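Visitor: I would like to learn how to read a protein model, one feature at a time. Could you walk me through this one?

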Amino acid sequence: MAVAGASMEPALRDGDWLLLVPARSARPGQLVVVRDPADRARLLVKRVLRASPDGVEVESDARHRDHLAPRGTIRSADVVGRPVFRYAPLRRAGPVR
C-alpha cells in the first residue's frame, strides 16, 4: 500500500510503501488500515484511539491540521489490516510504529 498525503506525519510520509497484515481489530496506539466511510473503495491509514468489539475510534497523527485529520468510529468489518513494515523508500525502511 502506498501512503498518499500528510495526515499521518511524522510516523508515515507521502510516498511511503507499507506491508500490511490482515486484521479486524487493534489496540489503542496501533496503526490500522480502514475503508473510508465516505468512499469505501479508498483505504486510509489511521491511529487507534479506542477499541471495542464493535469497532475502533481512529484519528490522524497530524491533528493540528484539521483539514487533514478526520476522526471517527470505524466498524470492525471496515478494518482491513495493520501496517507492519515500510519497505520504500529504502532510506526509511523498517518497522512501522
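Visitor: Is Arg40 buried, partly exposed or exposed, and at what relative accessibility?

Guide: The general idea comes before the case: buried means under 20% relative accessible area, exposed means over 50%, and partly exposed is in between, using a 1.4 Å probe and protein chains only. At 44% relative accessibility, Arg40 counts as partly exposed. Before we go on, please keep in mind that this is a predicted model, where local features need pLDDT of at least 70 and side-chain atom pairs count only at pLDDT 80 or more, while totals for chains, interfaces and linings use all residues. Residues are numbered from 1 along each chain as its sequence is written, and side-chain values use heavy atoms, with hydrogens and water left out.

Visitor: Which helices and strands should I look for, and how many are there?

Guide: Helices (H or I, at least four residues) and strands (E, at least two) are DSSP runs, numbered from the N terminus. The protein has 0 helices and 7 strands, giving the pattern β-β-β-β-β-β-β along the sequence. Its radius of gyration is 12 Å, close to the 13 Å that the globule rule gives for 97 residues, so the protein is as compact as a globular protein of that length. Here the radius is taken over C-alpha atoms, and the globule rule is 2.2 Å times the number of residues to the power 0.38. Along the principal axes, the C-alpha atoms fill a box of roughly 40 × 30 × 25 Å.

Visitor: What share of the residues is buried, and what share of the contacts comes from residues 24 or more positions apart?

Guide: Of the 97 residues, 41% count as buried. For the second part, contact means heavy atoms within 4.5 Å. Among contacts with a separation of 6 or more, residues 24 or more positions apart account for 50%.

Visitor: Back to Arg40, then. Which residue meets Arg40 in a salt bridge?

Guide: A salt bridge is a side-chain nitrogen of Lys or Arg within 4 Å of a carboxyl oxygen of Asp or Glu. Arg40 meets Asp78 in one, at 2.8 Å from N to O. This pair links distant parts of the chain, with Asp78 in the loop between E5 and E6 and Arg40 in strand E3, 38 residues apart. The C-alpha atoms of the two residues are separated by 8.7 Å. Asp78 counts as buried, at 8% relative accessibility. Leaving aside neighbours within four places in sequence, Arg40 is in contact with Arg35, Arg75 and Asp78.

Visitor: How many salt bridges are there by this rule?

Guide: The count comes to 7 salt bridges. One of them joins Arg42 and Asp36, with the closest N and O atoms 3.1 Å apart. Asp36 is buried at 10% relative accessibility, whereas Arg42 is partly exposed at 45%. Glu57 and Arg50 form another, at 2.5 Å from N to O. Salt bridges that share partners also join Asp16, Arg86 and Arg92 into one network.

Visitor: What is the nearest side chain of opposite charge to Lys46, and how far away is it?

Guide: For charge, Lys and Arg count as positive and Asp and Glu as negative; His and the chain ends are not counted. The nearest opposite charge is Asp36, 8.4 Å away, and Lys46 is buried yet has no salt bridge. Lys46 is found in strand E3 (residues 39–52). A polar contact is a pair of N or O atoms within 3.5 Å; within protein, one must be able to donate a hydrogen and the other to accept it, and residues adjacent in sequence count only if both atoms are side-chain atoms. The side chains of Lys46 and Ser7 have such a contact, at 3.2 Å.

Visitor: Which backbone oxygen does the side chain of Ser76 reach?

Guide: The side chain of Ser76 reaches the backbone oxygen of Pro53, at 3.2 Å. Ser76 lies in the loop between strand E5 (72–75) and strand E6 (79–88), and is buried at 18% relative accessible area.

Visitor: Where are the cis peptide bonds before Pro10 and Pro89?

Guide: In general, most peptide bonds are trans. Here a cis bond joins Glu9 and Pro10, with omega about 10°, and Pro10 lies in the segment before strand E1 (17–22). The bond from Ala88 to Pro89 is also cis, with omega near -5°, and Pro89 is in the loop between E6 and strand E7 (94–95).
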